[in-house]
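Work through the exercises below with the sequence and the model at hand. Try each task before reading its solution.

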Amino acid sequence: MPAPGENLRISSERLWASLADMARIGPGVAGGNNRQTLTDADNEGRHLFRSWAVAAGMEMGVDRMGNMFFTRPGTDPDALPVYIGSHLDTQPTGGRYDGVLGVLGGLEAVRTMNDLGIRTRRPIVVVNWTNEEGARFAPAMLASGVFAGVIDEDFAYARRDAQGKSFGEELGRIGWIGGEETGARKIHAYFELHIEQGPILEAAGRDIGVVTHGQGLWWLEFTLTGRDAHTGSTPMAMRRNAGLAMARIFEMVQTVAMENQPDAVGGVGQVTFSPNSRNVLPGQVVFTVDIRSVDQAKLDRMRARIEAEAAAICEALGVGCAVEPVGHFDPVTFTPELVGRVRTAAERLGYSHLDVVSGAGHDACWIARVAPTTMIFCPCEGGLSHNEAEAITPEWAAAGTDVLLHAVLETAEVVA
């Protein structure tokens with residue numbers, strides 16, 4: 001099958017306009033987006049995406065997790081489809097491109113095929129996965145995890161947000177519980193375009209990240225239980241200070257990550273103090289340790305050491321320590337054949353590229369368990385993401401989508 005010609009490109013202007021239109025839904029306070037999953041803003045974004053996809057001639061399917069699938073038929077109705085996707089939900093203070101580029105880039109690839117009358121043997125499906133971020137309902141990548149069979153659907157439906165609302169209730173409230181059994185679809189290959197969410201590509205001056213692997217991770221939720229006490233009148237030697245235990249654990253996590261270099265990271269991004277009063281020592285502190293590595297053995301060693309040393313720290317301070325894993329996936333090796341197609345497409349199009357490892361988790365990490373999978377990265381300014389200041393250029397977005405288009409067409413098999 002001949003490869004697509006080097007002059008085949010998407011419409012950069014149309015893609016950029018679509019990204020801007022979607023960003024108007026669920027605006028943040030500083031130029032980004034707050035379109036958290038299963039909110040009214042998420043519902044509005046879903047309807048806008050549906051209107052565009054239907055206008056592009058695609059047929060919609062929705063499964064019980066609210067995953068949205070839009071199919072462009074192939075010439076062979078029995079051929080397994082090539083899937084393209086990512087997510088439309090955002091962090092509470094999220095950017096305009098995290099996830100959204102992958103969904104709308106997939107839509108733009110289909111629009112370009114339509115413009116040029118390109119037919120493929122295999123169908124092409126553009127997907128929006130529900131609750132990738134995990135900001136409102138933990139864990140992250142919830143619906144793709146159910147699709148891949150690694151998360152139970154009943155467990156997912158029972159997840160609750162900070163206000164006590166369940167995932168299942170909210171999915172029903174906005175009207176996106178579909179009739180398809182989650183995970184029943186079969187996939188020939190899956191491509192996910194995403195912003196890098198890190199500084200490597202921009203620093204190296206490369207247009208495209210060819211993603212070879214994804215880091216594994218553990219999210220470990222610690223609940224430390226001490227005793228509420230007055231900060232001024234409680235003698236230092238008589239305190240059961242959960243806040244002090246937390247601080248020592250934070251420092252220990254940093255040490256563990258540094259001592260496992262290279263290819264390891266660790267930190268804490270969320271903390272809840274109780275009672276959270278300026279003159280009361282906290283009786284309870286809840287926080288989540290996030291550790292990641294592309295090396296499975298290293299990841300397991302880090303987790304074991306952090307849990308053991310945290311228990312010792314708390315015991316010395318008279319503080320209770322409970323740990324619950326609230327998120328996990330193993331390191332991922334993406335399908336070499338698909339990785340090669342991404343690399344070849346970048347070279348054919350004249351885009352500079354670099355092999356990279358994904359530091360963040362993505363829906364592709366779960367889908368890789370059930371289908372051949374790979375990812376494509378484009379740079380983001382300063383490596384900044386999960387921040388309203390997240391920014392990319394129209395040229396970066398177009399380059400990533402051009403590579404996506406070429407790799408997908410080669411995989412879906414263009415029909416002359």
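**Exercise 1: a glutamate in a helix**

Task: classify E170 as buried or exposed, then place E170 and list its contacts.

Solution. Start with accessibility: E170 has a relative accessibility of 6%, so E170 counts as buried. The cut-offs are under 20% relative accessible area for buried, over 50% for exposed and partly exposed in between, with a 1.4 Å probe and protein chains only. Next, location: E170 sits in helix α6, residues 167-173. Helices (H or I, at least four residues) and strands (E, at least two) are DSSP runs, numbered from the N terminus. Last, contacts, meaning heavy atoms within 4.5 Å. Leaving out residues up to four places away in sequence, E170 touches L38, R136, F137 and K165.

**Ground rules**

This is a predicted model, in which local features need pLDDT of at least 70 and side-chain atom pairs count only at pLDDT 80 or more, while totals for chains, interfaces and linings use all residues. Residues are numbered from 1 along each chain as its sequence is written, and side-chain values use heavy atoms, with hydrogens and water left out.

**Exercise 2: confidence**

Task: find which elements have the lowest and the highest mean pLDDT.

Solution. pLDDT is the predictor's confidence in each residue, from 0 to 100. The protein chain averages 97, and 99% of the residues score at least 70. By element, strand β13 (residues 320-329) has the lowest mean, 92. Strand β5 (residues 124-128) has the highest, 99.

**Exercise 3: a glycine and its surroundings**

Task: locate G94 and list what it touches.

Solution. G94 lies in the loop between β3 (82-86) and α3 (100-116). Its relative accessible area is 2%, so G94 is buried. Outside the residues up to four places away in sequence, G94 touches G32, N33, N387 and E388. Now check H386, which is 292 residues from G94 along the chain. The C-alpha atoms of G94 and H386 are separated by 4.8 Å.

**Exercise 4: the sheet and its helices**

Task: give the strand order of the four-stranded open sheet, then place α8 and α9.

Solution. The order is β10-β12-β8-β13, with antiparallel pairing. At the edges are β10 (264-274) and β13, each pairing on one side only. Neighbouring strands are turned by 15° against each other on average, direction ignored. Two strands pair if DSSP finds at least two bridges between them. Ten bridges join β8 (residues 216-225) to β12 (residues 284-293). One pair of bridge partners is W218 and I291, the latter in β12.

Helix α8 (residues 242-258) lies across β8, β10 and β12, at about 170° to β10. Helix α9 (residues 296-317) lies across β8, β10, β12 and β13, at about 10° to β8. Axes are lines fitted to C-alpha atoms, for helices over the stretch in contact, and angles run from 0 to 180 degrees between N-to-C directions.

**Exercise 5: backbone exceptions**

Task: what are the phi values of M141 and D263, and which peptide bonds to P139 and P275 occur?

Solution. Recall that most residues other than glycine have a negative phi, and most peptide bonds are trans. M141 has a positive phi of about 55°. M141 lies in the loop between β5 and α4 and is buried at 3% relative accessible area. D263 has a positive phi of about 65°. D263 is in the loop between α8 and β10 and is partly exposed at 47%. The bond from A138 to P139 is cis, with omega near 5°. The bond from S274 to P275 is also cis, with omega near 10°.
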